[in-house]
Amino acid sequence: MTILLEDARLAPPKAERWRAAAADLFSSPVNAVVTVVVAGLIAAALWRFARWAVVDAAWSGGAETCRQRSGACWPFVASNAQLMVFGVYPQDLLWRPAVSLALMAGVIAASMIPRLWSATLALAWGLVPAAVCILLSGTFFGRPVSTNEWGGLPLTLLVWMIAFAGAFVVAIPLALARRSNMGGLRTAAIIVIELVRGVPMLVALYVSRFIVPMTAPGLEINLFVSVETALILFVASYLAEIVRAGLQALPRGQTEAANALGLGYWRTTQLILLPQALRAVIPALVNLGIGVLLSTPLVAVIGMTDFLSAVREAASHEQDWPGCYTTAYFVAGLVFFSICFIASRYSRWLERRLRAAGHG
């Protein structure tokens, strides 16, 4: 609370910040000209966008209405929302991906409330993706649905959740192994991390899809399982370096104080080092999470129908819906931008909150 009051007292009023910004923008004739030109370009771009999205857009009717307008085709979005959100999942079973989407969104929302952080929430990050897989596949009940028919936004979030949650399970032991005093263990961790980080994600996906099955000719490997395994290892290699950086940033006095209290290595790591290290690298964790989410469309190149692939499929009927191609990709970009913007703003809020709590 004290640090928040001090920040509020030290921060200049908004009016002063605006005056300071204006003084910088018009501090010289050259800066003034550049400011006016850039402001004009931004205003022109915003006006063109407003004309496309609002003034010249078709808001009701059908394909014929869109054919008569030069702007966005919003009736197309309303008519193809089901395909864009859920992909080619069987229409009579759409309640399954709808419930799955609600479950995953609920866990993510709960994770954004610090007072709900607990072992139960960590367990939910493991149980909910498993429940979603059971629900989408129809295992133990109802009509079975192949993973080839999973798609849309539920698949994108599911791929991201499993990759990110599973990466933590792999990354923390890797980070600790890389800092270990045991030479063989440290060398093995370095080889794994650097080998995986040395290839693009697309190559890792291709290896999991085509190369790994060739090593076991008689074994049929599910596409979804192979993709998730590759993503977990890929994300874990980057996450391990982030965790290691957080651990190395901690002063040695933390470990020495724990040793003086008689705490062993594992208790020191669990109760003292890891909580502080993870708190210190929150911006990097959020940045990695956003990057992984924005990279999920790569799964389309090996045959999976993620959200962007479903949008592309809907937009392939441009001959029936004039202007739908631009509108469809605008909606897809808006969805991704909204998720990433909320995540970045939440990261800044959480960082300030934890910093304030740490300084009492």
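These notes cover the pockets, one cavity, one helix contact and the annotated membrane segments of a predicted model.

1. Largest pocket, size and centre. The volume of the largest pocket comes to about 1500 Å³. Its lining takes in 33 residues, and those closest to the centre are S111, W117, W125, F164 and F168.

2. Largest pocket, sources of the lining. Six helices are each credited with at least two lining residues: α6 (95–111), α7 (119–137), α8 (152–178), α13 (265–280), α14 (282–295) and α16 (324–358). The biggest contribution is that of α8, at 8 residues. Sorted by class, the lining holds 27 nonpolar residues, 5 polar ones and 1 charged one.

3. Second largest pocket, size and centre. This pocket encloses about 590 Å³. Of its 23 lining residues, R179, N181, T255, Y265 and L273 are the closest to the centre.

4. Second largest pocket, sources of the lining. At least two residues each come from α8, α11 (223–249), α12 (252–260) and α13. Here α13 provides the largest share, with 5 residues. The class split is 12 nonpolar, 8 polar and 3 charged. Helices α8 and α13 are listed for this lining and also for that of the largest pocket.

5. Cavity. The search gives 1 cavity of 30 Å³ or more, with a volume of about 70 Å³. Its lining consists of T147, N148, W150, L155, L223, F224, G303, M304 and T305. Of these residues, 5 are nonpolar and 4 polar, and no charged residue is present.

6. Contact of α5 with α8. Helix α5 (residues 74–86) packs on α8 at an angle of about 25°, and the two axes are 3 Å apart. Angles under 35 degrees count as roughly parallel, so this term applies to α5 and α8. The residues that meet are M84, V85 and F86 from α5 and G152, L153 and P154 from α8. The contact contains 5 nonpolar residues and 1 polar residue, with no charged ones.

7. Annotated segments. An unreviewed UniProt entry places the feature "transmembrane region" at residues 32–50, 95–113, 120–141, 153–176, 188–211, 223–243, 280–305 and 325–346. Two of these stretches are described in the next point.

8. Secondary structure in two annotated segments. Residues 153–176 are 100% helix and 0% strand, with the end C-alpha atoms 35 Å apart. For residues 280–305 the figures are 58% helix and 4% strand, and the end C-alpha atoms lie 36 Å apart. The record gives both stretches as "transmembrane region".

9. Points to follow in the model. Helix α8 appears in several of the items above: it gives the most to the lining of the largest pocket, supplies at least two residues to that of the second largest pocket, and meets α5 through G152, L153 and P154. In the cavity lining, L155 falls within the annotated stretch 153–176, while G303, M304 and T305 fall within 280–305.

Terms used: Residues numbered from 1 in each chain as written. Predicted model: local features only at pLDDT ≥ 70, side-chain atom pairs only at ≥ 80, totals over all residues. Heavy atoms only, no water. 1 Å grid on protein atoms, 1.4 Å probe; cavity = no way out; pocket = protein on both sides within 12 Å on 5 of 7 lines; lining within 4 Å. Points joined across faces, edges and corners; volume = space filled by probe spheres on them. Nonpolar A, V, L, I, M, F, W, Y, C, P; charged D, E, K, R; others polar. Axes fitted to C-alpha atoms, helices over the stretch in contact; angles between N-to-C directions. Parallel < 35°, antiparallel > 145°, perpendicular 65-115°, else oblique. Contact = heavy atoms within 4.5 Å. UniProt positions renumbered as here; feature names shortened; annotations may be inferred.
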